[in-house]
Amino acid sequence: MKRFFLIAGLFPLFVEAQTPAQPKGAAQAQTQVQPQVQSQLADFTLTGRIGHFNTPAKIYFDYMAGTMGHSDSVVLVDGAFRFSGKVDGPATVRMVFSANGESKEWSIYHGDVSYFYIGGENIRLTSRDSLGNAVITGSAVYDAYIAYNKEIGGSIMELDKVANADFNSGTEEQKKDTVYFHAVDKRFRQKVAERSERELAFAKTHPDSYFSVCALSELTNKAASVPTLQPVFEGLSEKWRNSFAGKELADRMAALTAVVPGAIAPDFTQNDVSGKPLTLSSLRGKYVLVDFWASWCSPCRAENPNLVKQYQLYKDKGFQVLSVSLDDKKERWTDAIAKDGMPWLHVCDLKGWLNDAAKLYGVRAVPSSFLVDPQGKIVATGLRGEELDKKLGEVFAN
């Protein structure tokens with residue numbers, strides 16, 4: 001099934017562990033956790049069984065504790081598995097089940113994947129055949145997450161799945177038709193908008209829920225949203241405002257209000273494709289489009305041909321593009337640059353969604369862009385397609 005709809009949701013921050021653990025036996029793995037200072041760590045165990053699968057059936061297990069990503073995998077023995085580790089509060093989890101032992105990358109995009117939350121608990125997962133049919137018990141955090149999703153109308157992944165099924169229900173000719181695509185996209189965006197309204201309502205009525213922070217975090221995607229969301233955030237319980245997720249959200253709100261038209265673009269330095277540091281302020285004297293993207297982002301890749309066209313039109317008139325990738329694998333980043341023929345400047349710190357420049361600019365979704373004038377002042381944000389063409393036409397009219 002071809003995937004067309006990708007939105008940053010509750011689970012954007014998965015990165016590979018810097019020191020992945022080795023399996024302890026055929027069906028048990030122990031995650032090595034690096035020291036953290038956000039809050040007190042709590043132990044968790046996740047045990048379970050999926051049918052009676054054996055080699056080469058495998059489970060890939062990733063979770064986020066604060067800013068630290070952890071990754072493990074185990075081969076199933078009569079369907080059984082066990083993971084353990086430490087978390088510093090509710091933690092996002094991604095489990096991927098590969099019945100035939102396919103690679104992790106392939107399985108994430110084509111296989112049996114489940115996203116959820118856990119805490120420092122003893123958790124049990126059971127299923128007769130797949131993660132899609134799994135029953136999870138023993139986790140109050142998971143139960144709260146399910147209740148939250150029910151109240152807001154489902155996870156963004158569920159909406160994404162419905163939208164892709166909607167798109168793929170068409171004929172091959174329809175799939176090539178932009179009118180058909182935009183009709184499907186419109187239905188998808190409408191459902192997302194309705195979900196957003198429920199998220200805001202949830203945050204207002206559940207000040208003691210961790211998932212109110214998650215809801216506001218999803219909704220905080222542009223400076224214009226901050227005046228509405230800030231009072232709701234301040235109404236949350238002190239516990240969750242001071243949690244790692246709460247502090248991250250507060251920082252992002254502050255960042256978004258600092259990257260509005262008229263403000264000086266925050267300066268940053270990251271390495272280019274050859275490993276040499278490149279600083280945004282070194283490009284003063286030109287109009288610079290700071291373009292946040294990633295190789296895995298379908299809308300970003302779809303926009304690249306137009307960006308190439310605009311770059312060729314205006315590069316000799318003082319226009320430059322500085323693309324900041326949210327990739328965490330250099331080969332995927334550089335391969336995408338070559339494949340899409342992007343002849344401008346590129347930087348990346350290979351931290352994925354934890355990219356330092358992205359955090360500085362409050363970026364929570366890609367594509368995202370900021371047009372900076374020769375004096376370093378932001379003149380426009382969120383430019384894509386016709387809006388970008390029109391703005392550049394105005395800027396370089398003379």
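The following paragraphs lead through a predicted model of one protein chain, from the confidence of the prediction to its sheets and helices.

Confidence comes before geometry. Averaged over the chain, pLDDT is 88, and 90% of the residues score at least 70. Residues 1-38 are another matter, with pLDDT under 50 throughout. The model nevertheless has 134 contacts beyond four places in sequence for residues 1-38. Where pLDDT is low, the predicted coordinates should not be read in detail.

The strand β2, at residues 42-50, is a suitable place to begin with the strands. Strand β2 runs antiparallel to β5 (residues 80-87), and eight bridges join the two. In this pairing, G48 is found opposite F81 of β5. Strand β2 also pairs with β8 (residues 122-127), here in the parallel sense and through six bridges. I50 is the residue that faces S127 in β8. Strand β2 can thus be followed in two pairings, antiparallel with β5 and parallel with β8.

An open sheet of four strands comes next, and its order is β4-β3-β6-β7. The pairing in this sheet is antiparallel. Its edges are formed by β4 (68-75) and β7 (112-118), each of which pairs on one side only. From one strand to its neighbour the average turn is 15°, with direction ignored. Within the sheet, eight bridges hold β3 (residues 58-65) and β4 in antiparallel pairing. A65 stands opposite M68 of β4.

The helices may be approached through α2, which spans residues 140-152. Its axis and that of α5 come within 8 Å and cross at roughly 125°. This angle makes α2 oblique to α5, because it falls neither within 65 to 115 degrees nor over 145. On the side of α2 the contact involves Y148, E151 and I152, while α5 contributes R195, R198, E199 and F202. By class, these residues are three nonpolar and four charged, with no polar residue.

Helix α2 also packs against α6 (residues 210-219), at an angle of about 50° and with the axes 10 Å apart. At that angle α2 is oblique to α6. The crossing of these two helices is right-handed. Here V141, A144, Y145 and Y148 of α2 meet F211, C214, A215 and E218 of α6. This contact comprises seven nonpolar residues and one charged residue, with no polar residue. Y148 belongs to the contact of α2 with α5 and also to the contact of α2 with α6.

Helix α5, at residues 178-205, has a further partner in α7, at residues 226-234. Their axes lie 9 Å apart, and the packing angle is about 30°. Helix α5 is therefore roughly parallel to α7, as the angle is under 35 degrees. The crossing of α5 and α7 is left-handed. In this contact, L200, A203 and K204 of α5 meet T228, L229 and V232 of α7. Four of the residues are nonpolar, one is polar and one is charged.

Farther along the chain is an open sheet of five strands, in the order β14-β13-β12-β15-β16 and with mixed pairing. The edge strands are β14 (345-347) and β16 (378-381), and each pairs on one side only. From one strand to the next the twist averages 20°. Within this sheet, β12 (residues 287-293) and β15 (residues 368-372) are antiparallel and share five bridges. L289 has L371 of β15 opposite. Helix α13 (residues 385-395) lies across β12, β13 (319-325), β15 and β16. The direction of α13 is at about 5° to that of β15.

One residue of a loop completes the account. D272 is placed in the loop between β10 (269-271) and β11 (277-279). Although D272 and H346 are 74 residues apart in sequence, their C-alpha atoms are 5.5 Å apart in space. Apart from residues up to four places away in sequence, D272 touches W333, H346 and V347. The edge strand β14 covers residues 345-347, and two of the residues that D272 touches, H346 and V347, lie in that range.

Terms used:
Residues numbered from 1 in each chain as written. Predicted model: local features only at pLDDT ≥ 70, side-chain atom pairs only at ≥ 80, totals over all residues. Heavy atoms only, no water. Pairing = 2+ DSSP bridges. Axes fitted to C-alpha atoms, helices over the stretch in contact; angles between N-to-C directions. Contact = heavy atoms within 4.5 Å. pLDDT = per-residue confidence, 0-100. Left-handed = near helix turned anticlockwise from the far one by under 90°. Nonpolar A, V, L, I, M, F, W, Y, C, P; charged D, E, K, R; others polar.
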